[in-house]
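Hello,

Here is the structure I said I would pass on. Please have it open while you read the notes below.

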Amino acid sequence: MERFKQILIIAGISLMVLGGCNQAEQPTAQTSPTANSASTSTSNSNAKTDFSGLEGVVNNTQTAVKANNFTKAKDEFGKFEGYWSKVEDGVKAKSPDTYKKIEDSADEINGGLKASKPDKAKVLASLQSLNKDILSVAKP
């Protein structure tokens, strides 16, 4: 009987642990200053990674366009939104004008790449402008 109680307790604890693993973390209403600085540091690190990802997307798209591989360019630029969505709110707060330029350039590039005969020079110019704007806001 004692052995059964031990197994029952272990099984109960295991179920609670497994159940806790499946639940999303709930944000807390109050955080300490230490927690805030740690999360700011983490978000700065994530932002750097996301900006690097944006730069990589632009560079890979430029390479594909220069090689006249517009199918690959479309695929590469398709990754842009995934990185952009993570940093766009910060960019909008930091520099609304640059935010608008980036949004407009991204729309131009998407439209240019979807054309039946993409204008290589125009797409490359838009990519270059986009890259310049990304670099200007990526700096802390």
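What follows covers the core, one helix, one loop residue and one glutamine.

A caution before the details: this is a predicted model.

**The core**

Start with the largest nonpolar core, which has 24 residues. Phe77 and Phe80 touch the most other members. Five elements each give two or more residues to this core: helix 2 (33–66), helix 3 (70–77), helix 4 (80–94), helix 5 (96–114) and helix 6 (120–138).

Take Phe80 as a way in. Leaving aside residues up to four places away in sequence, Phe80 touches Leu54, Val57, Ile102, Ala106, Leu130 and Ile134.

**Helix 3**

Which residues of helix 3 are buried? They are Phe70, Ala73, Glu76 and Phe77. Look down the axis of helix 3: the buried residues fall within an arc of 115°, so they line one face of the helix. The face turned away from that buried side carries the exposed residues Thr71 and Asp75.

**Helix 3 against helix 5**

The axes of helix 3 and helix 5 come within 10 Å. They cross at roughly 150°, and the crossing is left-handed. On the helix 3 side, the contact involves Phe70, Ala73, Lys74 and Phe77. Helix 5 meets them with Ala106, Ile109, Asn110, Leu113 and Lys114. By type, the residues of this contact divide into six nonpolar, one polar and two charged.

Two names here link back to the core. Phe77 is one of the two residues that touch the most other core members, and Ala106 is among the residues that Phe80 touches.

**Asn68**

Asn68 sits in the loop between helix 2 and helix 3. Why look at its backbone? Most residues other than glycine have a negative phi. Asn68 is not a glycine, yet its phi is positive, at about 60°. Is Asn68 buried, partly exposed or exposed? Its relative accessibility is 48%, so Asn68 counts as partly exposed; the exposed class starts over 50%.

**Gln62**

Gln62 is in helix 2. Its relative accessible area is 14%. The cut-off for buried is under 20%, so Gln62 is buried. Which residues does Gln62 touch, not counting those up to four places away in sequence? The contacts are Leu124, Leu127 and Gln128.

If you want a viewing order, begin at Phe77 and Phe80 in the core. Then follow helix 3 along its contact with helix 5. Finish with Asn68 in the loop and Gln62 in helix 2.

Best wishes

Notes
Residues are numbered from 1 along each chain as its sequence is written. This is a predicted model: local features need pLDDT of at least 70, side-chain atom pairs count only at pLDDT 80 or more; totals for chains, interfaces and linings use all residues. Side-chain values use heavy atoms; hydrogens and water are left out. A nonpolar core is a set of buried Ala, Val, Leu, Ile, Met, Phe, Trp, Tyr and Cys residues joined through side-chain atoms within 4.5 Å. Buried means under 20% relative accessible area, exposed over 50%, partly exposed in between (1.4 Å probe, protein chains only). Helices (H or I, at least four residues) and strands (E, at least two) are DSSP runs, numbered from the N terminus. Contact means heavy atoms within 4.5 Å. Axes are lines fitted to C-alpha atoms, for helices over the stretch in contact, and angles run from 0 to 180 degrees between N-to-C directions. A crossing is left-handed if the near helix is turned anticlockwise from the far one by less than a right angle, and right-handed if clockwise. Ala, Val, Leu, Ile, Met, Phe, Trp, Tyr, Cys and Pro count as nonpolar, Asp, Glu, Lys and Arg as charged, and the others, Gly among them, as polar. The arc is that of the directions from the helix axis to the C-beta atoms.
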